[in-house]
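This report describes how the strands pair and what surrounds the ligand. Please keep the structure in view while reading.

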Amino acid sequence: MEPSPFSERADLGFAWSVKDSFLQYVRGMRDGNVAWGAGAAVTSEGEFHFPLLAARRFADATMLSFGGNVQFTAHHGLLSVSIGEPRIALRDGEADLLIHTGDAVKRIAVIDLPPRIQDGDVTMWLRCGVTLVDHGAELFGGTYPAGESLAPLTLRVPSGGAAEIPSAPRLGQN
Ligand code: HEM
């Protein structure tokens with residue numbers, strides 16, 4: 001994983017288990033496999049943790065970039081779903097969840113942000129609702145329709161308000 005201003009802060013990032021029934025489906029198959037790497041980890045609650053790498057401010061949103069990759073495979077490779085280098089575009093009360101697929105960054109879900117909670121120098125949103133949008137439906141082979149609920153997501157970023165998260169040196173790239 002690339003070094004970032006947040007490298008020393010393992011508590012920053014987001015934790016998400018994608019969708020419990022999808023994990024059960026993949027894990028229940030003889031050749032089903034769930035692999036993670038590039039900075040992604042599994043929390044004590046069994047959620048995947050994607051570490052915060054960078055924050056970039058725009059007029060209408062703050063774009064948070066995360067490291068890590070989680071890969072689901074089954075059906076002799078016919079099923080291959082990858083959640084890699086995710087991003088969250090943070091706005092007031094709502095956010096978008098985006099992932100890298102090939103060379104593109106696609107919006108796969110909307111995140112419903114509950115009121116933020118202050119925890120020392122960290123701002124967090126606990127168990128946010130996550131709802132699939134069109135590109136997210138493609139990601140899962142069209143099995144789930146847009147509007148399907150995914151697993152809740154917990155986000156932790158440095159305090160000071162989302163708009164004041166320190167910017168990364170790689171600002172402007174990607
Ligand atoms: C050889 C090809 C495939 C076969 C035979 C197959 C078969 C099945 C079956 C039988 C179920 C129902 C499982 C249950 O209810 O317990 C299912 C669910 C599902 N399949 Fe596949 N599948 C195939 C390929 C794929 C591919 C390529 C994807 C793409 C990501 C996919 C994604 C899903 C998803 C998301 C579910 C719903 C899991 C849930 O939430 O319960 N499948 N599939």
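Strand β11 (residues 117-119) pairs with β12 in the antiparallel sense, over three bridges. This is a predicted model. A hairpin is formed by β11 and β12, with two residues between them; in its turn, Gly120 has a positive phi of about 60 degrees.

Strand β12 (residues 122-132) is also joined to β10 (residues 104-112), antiparallel, by four bridges. Seven bridges join β12 to β13 (residues 149-158), and these two strands run antiparallel as well. The table gives one bridge for each pairing.

| Strand pair | Residue | Bridge partner |
|---|---|---|
| β11 and β12 | Gln118 | Thr123 in β12 |
| β10 and β12 | Ile111 | Val130 in β12 |
| β12 and β13 | Val122 | Pro158 in β13 |

Another part of the model holds an open sheet of three strands, in the order β2-β6-β7 and with antiparallel pairing. Because β2 (33-37) and β7 stand at the edges with a single partner strand each, one side of each is left without a neighbour in the sheet. On average, neighbouring strands of this sheet are turned by 10 degrees against each other, direction ignored. Strand β6 (residues 69-74) is joined to β7 by six bridges, and Thr73 has Ser80 in β7 as its bridge partner.

Which residues surround the ligand? They are Ser21, Phe22, Tyr25, His75, Leu78, Leu79, Val81, Phe140, Gly141, Thr143 and Tyr144. Two or more residues of this shell come from each of α1 (20-27) and β7 (79-84). Helix α1 gives the most, with three residues. By class, the shell has seven nonpolar, four polar and no charged residues.

How values were computed
Residues numbered from 1 in each chain as written. Predicted model: local features only at pLDDT ≥ 70, side-chain atom pairs only at ≥ 80, totals over all residues. Near = placed C-beta within 6 Å. Nonpolar A, V, L, I, M, F, W, Y, C, P; charged D, E, K, R; others polar. Pairing = 2+ DSSP bridges. Axes fitted to C-alpha atoms, helices over the stretch in contact; angles between N-to-C directions.
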